[in-house]
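Reader: I'm new to this and keep tripping over the vocabulary. Could you walk me through the terms using the protein itself?

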Amino acid sequence: MDRSLSPARNRARRRRNRAAWLGAGAFLAVLAAASPAGAQGSQAGPAKAGARGSDKMLVEAAEIRYDVDKELASAVGNVRVYHKGRVLEADRVTYDRKAGRVYAEGDAKLTEVDGTILRGERLDFTDDFRDGFIDSLQSEAPEKAYFSAPRAERIDLDTTVFDKGTYTACQACRTDPERPPVWRVRAKRIIHKNEEKMLYYEDAGIDFLGISTPYMPYFSSPDPSVKRKSGLLMPSVLYGQKRGVGVSVPIYLALAPNYDLTLTPTYLSQQGFFGRGEWRHKFDYGEYSIRANGIAQQDRQAFAPPPFGAGDLVFRGSFDSTGQIQIADRWKVGWDFTLLTDRYFLYDYHIPTRTLAYYYFGESISTAYLIGQGARGYFDFRGYYVNGLSPHDFQPQQAIARPVWDYNRAFDIDPADTLGIGGEVTLDYNLTSLSAQAASFEAVGPRVLDNAYGLYEICNTYAPGQAIGDCLMRGIGGDYTRTTATASYRRKWIDPIGQVWTPFAFGRFNGEWFDINQTRTYTFTSSLGTSTFANASQLQFVGNTDTSFFGEVVPGAGLDYRYPFFIAAPVGTIVAEPIAQIIARPNNQIGAHSLVNLDSQSLVFDDSTLFTWDKYSGYDRFETGTRANYGGRVTWTTEGGAYVNVTGGQSYQVAGTNSYARPDAANVGLSSGLDTRASDFVGAVTLGPGTVVNFVAKGRFDHNTFEPRRIDLISTFNLGPLTAQAQYASYSAQPVIGYDVRREGLSFYSRYQISENYFAQGNVTFDMSRQFYGPNLIGTSNPGPFFPAYFGIGGGYEDECTRLTLNYRSVFQDQGNGRGTRNQVFLVQLQLRTLGDEQFARPAASSTAIDGVRY
């Protein structure tokens with residue numbers, strides 16, 4: 001018979017439980033009668049601790065013993081005492097009325113109101129738990145921080161003193177609990193101040209991987225519960241080829257709950273003192289930060305002379321700020337800017353900033369903006385300032401945007417009010433105003449660089465009336481303003497057999513005005529020679545007039561057709577969708593436009609633009625004539641959720657003028673794959689989301705020979721401990737738009753988890769086009785197809801309490817005329833959680849949080 005159903009056994013269990021609870025009640029009565037609380041009524045607990053739980057005491061034990069003469073009450077056997085949110089557990093708990101103390105012995109454990117757990121061989125506390133001693137203490141804080149000491153004393157519920165104590169944020173090894181943690185602080189005395197939330201260490205040192213550091217007479221740190229506390233953060237050690245060895249010791253000042261200041265003095269063995277400061281302020285409706293960096297260089301000869309480097313500048317620095325403020329429910333103002341003493345400062349000192357685009361091809365883009373966001377519309381008003389950071393950048397050619405204004409609004413038309421027609425109307429508006437001091441020219445075919453430095457494009461001739469001139473004009477010297485307004489309508493119908501018909505119509509107005517500067521001339525001179533270019537040369541691109549206005553209107557209408565159908569197969573499901581579009585516009589714009597093209601120079605014809613009404617990237621250019629786009633997509637989805645998507649098609653100029661075959665000042669459209677009546681073929685294949693491999697391939701292929709003109713491959717791998725990403729791009733030469741050689745590049749990133757805690761990682765970017773540049777750009781030594789423009793390698797150790805990383809990075813900086821240099825940095829970082837934790841989650845690029853942990 002099942003003993004759990006035995007009536008006799010159940011009756012015996014009920015008798016034992018009743019006896020235990022009666023005994024607990026008697027013990028409770030003795031404590032209540034003996035304690036001051038029992039005599040005087042309810043007593044408030046210390047410092048919010050009594051706010052949780054009941055003032056009454058509940059005791060569970062196997063046995064209760066009384067010694068009336070000695071005024072002792074003891075609970076024996078699996079004792080649990082519940083009092084004011086605390087739980088005391090032990091083999092034996094004794095209350096001494098005369099001494100007013102509670103003793104817990106045998107696997108004693110006290111769980112505090114905040115979740116802190118104290119374990120010891122013997123606990124000796126006053127009856128209100130405010131003061132006491134613990135022998136052989138092991139303590140665990142809720143934040144996974146651990147203390148130990150042969151003996152510890154609690155004083156007035158605020159101060160705990162650990163004699164010969166240790167502290168760590170590392171959990172004990174699961175397979176070998178006696179093994180020392182990765183790091184721990186050992187001290188003659190550790191003093192924990194609860195109200196201050198601070199830990200003070202006397203005669204202390206840090207054991208790291210079994211190696212003891214020299215003892216320090218005194219230091220302090222915030223307790224584990226603190227996310228923001230003034231003090232020293234973890235130092236960093238770095239090495240730079242032109243800077244020497246450096247040591248940084250950040251000083252963090254938590255000035256208020258919502259703002260702080262971090263000062264990071266750094267000493268560089270080659271360059272001297274480097275200062276960095278960061279102020280962060282967060283409030284109910286926004287936040288902002290301010291960062292400043294500066295140095296008075298000791299070794300100015302370490303850097304190349306201008307224009308290849310900063311030269312002999314003494315003071316170098318940067319000032320940047322970012323912020324965003326919510327001024328209304330749907331409106332925000334913000335900014336993100338960087339000011340620099342010179343273009344090379346960020347690279348030379350590896351300063352992270354939000355405005356830095358890339359390390360290899362670099363520019364710093366500053367902006368200020370006002371944005372509004374609605375459910376189906378947006379407003380964006382902003383300005384831009386661009387700092388060119390490479391040796392080939394000539395700052396007077398960088399345009400200032402003042403401003404760029406975008407507005408978009410979509411709304412539905414109620415069929416009930418339009419005789420059942422309905423549909424959607426979209427309004428789009430853009431205003432762009434640009435100003436630059438110098439015009440920007442680029443040669444068609446091989447690059448034409450200045451004789452002085454071999455850095456700057458100086459081609460400034462143009463053959464009027466020819467389809468292809470000797471030069472392109474990338475930017476004007478002067479002022480340029482353009483405004484574009486577009487209204488469009490579309491309505492989707494699905495017929496009874498599932499065909500989707502979407503007719504649409506649109507009207508576009510474009511107006512542009514420019515004021516060309518023709519007086520400025522720029523000359524570059526060195527011992528190698530002299531070269532000059534003049535703003536006056538740009539007049540040949542704009543009809544030999546320095547001030548002009550052009551306006552045009554382009555109406556259009558079209559139809560989009562799709563017929564998706566579903567196929568259920570044993571290996572999953574297949575959705576196939578043929579797509580066709582026809583778009584009719586006038587052969588030419590109604591009105592006129594100039595050859596100036598500033599915002600539509602990035603024309604990429606691929607699967608993402610195949611079915612767009614207008615394939616230009618900006619507003620300065622727009623399609624003309626009648627064009628058809630056709631193709632389709634097929635998606636196969638497995639039962640496990642993985643899929644393969646194939647998209648492809650072609651575009652065809654049915655009638656009228658092919659705008660892509662008409663050159664402008666930048667020849668955009670030529671050699672794009674759209675400049676012939678039948679365009680190149682475009683397609684893409686996507687595999688994902690896989691647990692092992694994800695893959696995307698895009699391509700553009702010649703419409704006659706099917707020769708690849710543009711290939712993009714991206715793949716990610718997850719092979720257990722190894723994760724990797726590979727990217728490859730290959731674009732055919734396009735001399736008519738300034739790319740006289742094939743553009744080709746390859747990059748890899750990988751991370752290998754050697755074990756649970758150790759990892760290695762690396763990344764490399766190959767400029768595979770550099771071999772084609774010619775001796776005037778790369779010198780007489782050909783680098784071959786695998787020229788490492790950027791590479792880095794590193795590794796480290798990481799667990800729940802420690803992060804140790806070693807990283808090396810090398811960035812090639814082209815200095816023209818076959819010259820170049822590598823900016824190399826070696827960085828070592830040791831981060832111990834709760835000891836200067838602010839760096840523990842800091843990314844390399846930027847940080848904007850205010851709550852103590854950067855993200």
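Author: Sure, let's start with one word: two residues are in contact when heavy atoms of theirs lie within 4.5 Å. Keep in mind that this is a predicted model.

Reader: What is V185 in contact with, leaving aside its neighbours within four places in sequence?

Author: The partners of V185 are G165, T166, Y167, I190, Y201, A204, G205, I206, F219 and L835.

Reader: Which residues have the most contacts inside the largest nonpolar core?

Author: They are L88, Y167, W183, V185 and Y201, in a core of 47 residues. Strand β12, residues 198-208, gives the largest share of this core, five residues. There's also a second, separate core, with 31 residues, including A439 and F524.

Reader: Why is L263 called partly exposed?

Author: Its relative accessible area is 35%. Buried means under 20% and exposed means over 50%, so L263, at 35%, falls in between and counts as partly exposed. You'll find L263 in strand β19, residues 259-268.

Reader: What makes L263 eligible for a nonpolar surface patch?

Author: A patch residue needs over 30% relative accessible area, and L263 has 35%. L263 helps make a nonpolar patch of about 780 Å², along with others including L232, Y239 and F826. Strands β16 (236-240) and β17 (244-248) are the elements that give two or more residues to this patch.

Reader: How confident is the predictor, going by the mean pLDDT of the chain?

Author: The mean is 84, and 87% of the residues reach 70 or more. Over residues 1-53, though, the pLDDT is below 50, and it is also below 50 over residues 463-468.

How values were computed:
Residues numbered from 1 in each chain as written. Predicted model: local features only at pLDDT ≥ 70, side-chain atom pairs only at ≥ 80, totals over all residues. Heavy atoms only, no water. Core = buried A, V, L, I, M, F, W, Y, C linked by side-chain atoms within 4.5 Å. Buried < 20%, exposed > 50% of the residue type's maximum accessible area, 1.4 Å probe, protein only. Helix = DSSP H or I, 4+ residues; strand = E, 2+ residues; numbered from the N terminus. pLDDT = per-residue confidence, 0-100. Patch = residues over 30% accessible without salt bridge, like charges linked within 9 Å, V, L, I, M, F, W, Y side chains within 5 Å. Areas by Shrake-Rupley, 256 points an atom, 1.4 Å probe, with all protein chains shown as cover. Salt bridge = Lys/Arg side-chain N within 4 Å of Asp/Glu carboxyl O.
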